[in-house]
Amino acid sequence: MKIVLGIESTAHTFGIGITRGNKVLANVKKNYTTEKGGIIPVEAARHHEKHYKEIIEQALLEAKLKIENINLIAFSQGPGLSPCLRVGLQAVKELHQKYKIPFIGVNHCVAHLEVGKAVTKAKDPVLLYVSGANTQVIAFEGGKYRIFGETLDQGTGNFLDSFARYIGLGFPGGPKIAELAEKSNNYIELPYSVKGMDISFTGMLTKLKQMYDSKKYKTEDLAYSLQETAFAMLLEVAERAMAHCNKNELLLGGGVACNKRLKEMANIMCKERNAKCFIPENSLLVDNGAMIAITGAKFYNPKKKYILDIKPYERTDDV
Ligand code: ATP
Ligand code: FE2
């Protein structure tokens, strides 16, 4: 069985995972964070550049391995921020040149799906992938990965983070909104926006900001209603994709899937339609190197020639 080192560097996380088969031997990461405002790509890249060597060393230490034991390097090729992706690429280049280790580039969104399949018992699931920048419902159909629904404007995490920042909760906002929401069960109606199989959050965000500014509502009620509405939208689309593809497994992926209420609602939806709900542990839901390693191992073909490049705009359905 191959020992694979996976490199994740699409956005604010630089992660190194080491796997053998579906076993995760190490999964180390460091996040670029900001006090205010969103991610500045060049600064995130600078952060990754500063730390990548020590993260590789730490992962090897944790796995009790030496770099000479690594049989394959997998790296996230896209979609993501070019400056960040380039740091990952640089690391692959160095390791490949110095130690002659073969490499493969993988799609980040597909990796969220593949790691879930590898560590749970899901066989052919519909993936609800909800992170900061991405929100997609993905399934493998007709020989390729297809997107059945997605956000038309912003990712769920960015939406949560924007509102959290607006009300002074800081970044990342998802967990802070979740904490607030737990203090309420008073539902206030918010714009519910599902268009066909796609969703949008901008209307809800504008409304929430207005409601907050009016000072007529408790912030915990807003946080609670936001979660109930946004997660219902996500699960409506996921459920329709399951019905459409005739699949009876749902898999969650992405940082927002760490949310307890989303997990609970996903479990309820699956129970109601006699389907199974699979949720990997939180460290594999967020961006991480192990998911890249596991995906690389699955697709690597020694007869194929791989190119060292990045694909910042690669879509799931181009894979
Ligand atoms: P991608 O590059 O795939 O878009 P990402 O860079 O956004 O990923 P992730 O770690 O997948 O990184 O997700 C981060 C997002 O998850 C943030 O927006 C954060 O607010 C959100 N998040 C984390 N924990 C929770 C939680 N418990 N509830 C809701 N949202 C959460
Ligand atoms: Fe991600």
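1. Helix H2, which covers residues 82–99 of this predicted model, has a length that agrees with expectation, because its 18 residues should span 26 Å at 1.5 Å a residue and its end C-alpha atoms lie 25 Å apart. The expected figure is 1.5 Å times one less than the number of residues in the helix.

2. The buried residues of H2 are Ser82, Cys84, Leu85, Val87, Gly88, Leu89, Ala91, Val92 and Leu95. These buried residues pack against strand S1 (3–8), strand S2 (13–20), H1, strand S4 (72–78) and strand S5 (103–107). Just after H2, Lys100 adopts a positive phi of about 55°, a backbone detail that a colleague preparing the model may wish to look at.

3. The iron ion (ligand 2) is coordinated at 2.1 to 2.7 Å by His108 through NE2, His112 through NE2, Tyr129 through OH and Asp287 through OD. Along the chain, the donors of this iron ion follow the spacing H-x3-H-x16-Y-x157-D. His108 belongs to helix H3 (residues 108–119), whereas Asp287 sits in the loop between helix H9 (282–285) and helix H10 (289–299), so this pair ties together parts of the chain that are 179 residues apart in sequence.

4. Are these two ligating residues, His108 and Asp287, buried or exposed? With a relative accessibility of 2%, His108 counts as buried, and Asp287, at 13% relative accessibility, counts as buried too; the cut-off applied here is a relative accessible area under 20%.

5. A further histidine, His47, is placed in helix H1 (residues 41–63), and with a relative accessible area of 13% it is buried. When its neighbours within four places in sequence are left aside, His47 is in contact with Lys30, Asn31 and Tyr32.

6. The second largest pocket holds about 420 Å³ of space. It is lined by 18 residues, of which Gln77, Gly105, Lys304, Tyr306 and Lys311 are the closest to its centre. The elements that give two or more residues to this lining are S5 and H10, and S5 gives the most, with four residues.

7. As for the character of that lining, the residues of the second largest pocket divide into eight nonpolar, five polar and five charged. Strand S5 thus appears twice in this note, since it is among the elements against which the buried residues of H2 pack and it also gives the most residues to the lining of the second largest pocket.

How values were computed. Residues numbered from 1 in each chain as written. Chains lettered and ligands numbered in written order. Predicted model: local features only at pLDDT ≥ 70, side-chain atom pairs only at ≥ 80, totals over all residues. Heavy atoms only, no water. Donors = N, O, S within 2.8 Å, 3.2 Å for Na, K, Ca; no water. Buried < 20%, exposed > 50% of the residue type's maximum accessible area, 1.4 Å probe, protein only. Contact = heavy atoms within 4.5 Å. 1 Å grid on protein atoms, 1.4 Å probe; cavity = no way out; pocket = protein on both sides within 12 Å on 5 of 7 lines; lining within 4 Å. Points joined across faces, edges and corners; volume = space filled by probe spheres on them. Nonpolar A, V, L, I, M, F, W, Y, C, P; charged D, E, K, R; others polar.
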